[in-house]
Amino acid sequence: MSLPACTAEPVPVLEARGVVKTFPGVRALDGVDLRLRAGRLNALMGENGAGKSTLMKVMAGVHPPDAGEVLLDGAPVNFRNTREAQAAGVAIIHQELNLADNLSVAENLFLGREPTGPLGFINRSRMRDEARRLMRRMGVDIDPDTRVGRLSVATQQVVEIAKALALDARVLILDEPTSALTARETDALFERIAQLKSEGVALAYITHRFEELERIADDVTVFRDGRLVGERPYPELSRDELVRMMIGREAPSQAPVAPKPRADAMLVVRGLTLASSAPAPRPLLDGVSLEVGRGEVVALFGLMGAGRTELLEALFGLHAKRTTGEVIVDGRRLTPRSPRQMLRSGVGLAPEDRKAAGLVLGLSVEENLTMATLRRLQRGGLLSRRAQHDCANRYVERMRIKTPSLAARVRNLSGGNQQKVVLGKVLATDPKVLLLDEPTRGIDVGAKQEVYALVRELAAEGRAVLVVSSEAPEVLMLGDRILVMSEGRLTAEFGRGEASEHHLIEAALPSDHPREAA
C-alpha cells in the first residue's frame, strides 16, 4: 500500500524571520517571526508596546531591521523605504494618519502616481472620477476636491484606507484601520477585505477589537513585550485563551457598575451653537444643552459627523469666534474664549487625535506630561526641575506608562502609551470637568480596562466626566447617563441600563435616514 505524497505548505507571500529592532532605550522586537499567506488574513494581537506596529513597519520598508530578515516569495528583500515596498506589492495602512493636509482627497489618493494624458500632464478629471469611485466603495460620498485638512479624523481614516486599497497590492498591512470608522464604513471595509482574500491577497490586520476577528480573521498571531507568543488558526482559539496569550494572565473582570443618584451639576451647557467655517446648510452644533453632575460620567455617542468632537472642542474654547451659548462650570458662568481660559477655569480636554493635537512628539515624556502645568511648577518665578520631574514621575506611575525613562521621546512610545501620556498631561492640570474624546482609541484590552477604572476613579473624586466614544458597548458600560447626537443636535438621553446598542444606533441616525421600529 502506497502512502500519500507529502505536500509542502505553500511559501508565504511575505515572511519575517528572527527580526530584531531597537530604538533608544527600547528593544521593540526581539527575534520575532511572522508569516502572511495568500488569500488569508492574519490578525496581529497584543497589548500596546508588544511590537505589532513596529514589525509591520519593518516589513513595509518604514524601518530597517537590526537583525533577522524579511522574505518575499521565499527570497530575502531589503526595502529601503515604503516606495520600494509598494513597487514590490506591499502596502501599509498606518494607525496614525499619513496624509498631506494641504492637498485634496484626490491628490492624496494618487500622490506620486497621478494619471496622465497623452502629453504627460496630470489628467485631473480622471483622477477626480477615480477618487470618487474609491471613496464610494468605502461607503463615503465626498467631493474629491475637498482639502484633507478640513476633514474629520474619521473621514481622513477612510481616505487613508482607500489610498492603500487603490494600490492593488499583493500584501496589505492594516494597522487599526477601523479605530475611527462608523459601522457602515467598517462593513464596507470588511466587504473589500473579503474580496481581496478571494483574489489571493495576503493580509496582516492589527486590531484590539475582538468582535472583528469573527468576521475577517483566518489566523491569529500574538505578541507580548516584543516577542512572539504564538500563531494559531482563529477557529481554534477561545476569547479567554486569546486574552491570556496577550496579557499573560486571566482577563480582567468587567463588573457592572450600579446607577448613581443625580448629583449637583458641575458642567451646564445651554444653547451651545457652533457655526460652520464654510458655507453650510446647518451649523455644526445647533442649540446643544446638557448637564454633567459632580462625580458623574456622561457618555456621548453618535455617528461620524454628528458633532461630538466639535462639541468638546467648542467647550474647550477652540472655536471661540464661531461659538455662542452659555457654559457654567462649578457655578461660574463662562464664555469659552480660549483653551488657556478653560484650563484655568478647571476644564481639561484629551483630544481625539493624540499625535496632532495632544502631544509634541519630539519632546520627552516628562516635558509632555508637564507642559500644561509649568506655571504651577515654578519656584520663585523659575521652573523647578525637581518639581517638574516629581510631577511627571507621579503620572507615569498613576497611568502605568511603559517608558524606559522620563527623558525618552514620546514618539518612541507605543500608541497606547502615547495615549496614556495625553491623559496624564490633562490630569496634571487637576480639572473639575474632564472632556475625553475617544480615550481608548487604539488601546489594547488590558489598557482599556485601566482607562475605564481611571474614569470611574476620577468621577469618584468628584470630577465631572464627559466622554465621547464611537463604540456602543463602551458607551453602555461607562456612562451613568448616555447622550446621543445626530447632525449637531442631541437626539436622545438614556440612564444606565435603559438603552441597547439598537437604541443608540436608532437615535444616532440622521433625520433623513429611514428609522426602524425600536
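Me: What span should helix 15 have at 1.5 Å a residue, and how far apart are its end C-alpha atoms?
Reply: In this predicted model, local features need pLDDT of at least 70 and side-chain atom pairs pLDDT 80 or more, while totals for chains, interfaces and linings use all residues. Residues are numbered from 1 along each chain as its sequence is written, and side-chain values use heavy atoms, without hydrogens and water. Helix 15 (a DSSP run of H or I, at least four residues, numbered from the N terminus) has 16 residues, 445–460. The expected span, 1.5 Å times one less than the number of residues, is therefore 22 Å, which agrees with end C-alpha atoms that are 23 Å apart.

Me: Which residue just after helix 15 takes a positive phi?
Reply: The buried residues of helix 15 (under 20% relative accessible area, with exposed over 50% and partly exposed in between, 1.4 Å probe, protein chains only) include Y452, L458 and A459. Just after this helix, a positive phi of about 100° is taken by G462.

Me: Which strands stand at the edges of the open sheet, and why is one side of each without a neighbour?
Reply: Six strands (DSSP runs of E, at least two residues) form this mixed sheet in the order 6-7-8-3-9-10. Because each edge strand has a single partner (pairing needs at least two DSSP bridges), one side is left free of a neighbour in the sheet, and these edges are strand 6 (90–93) and strand 10 (227–233).

Me: What is the bridge partner of N42 in strand 9?
Reply: Strand 3 (residues 41–45) pairs with strand 9 (residues 219–224) in the parallel sense, over four bridges. Within strand 9, the partner of N42 is D219.
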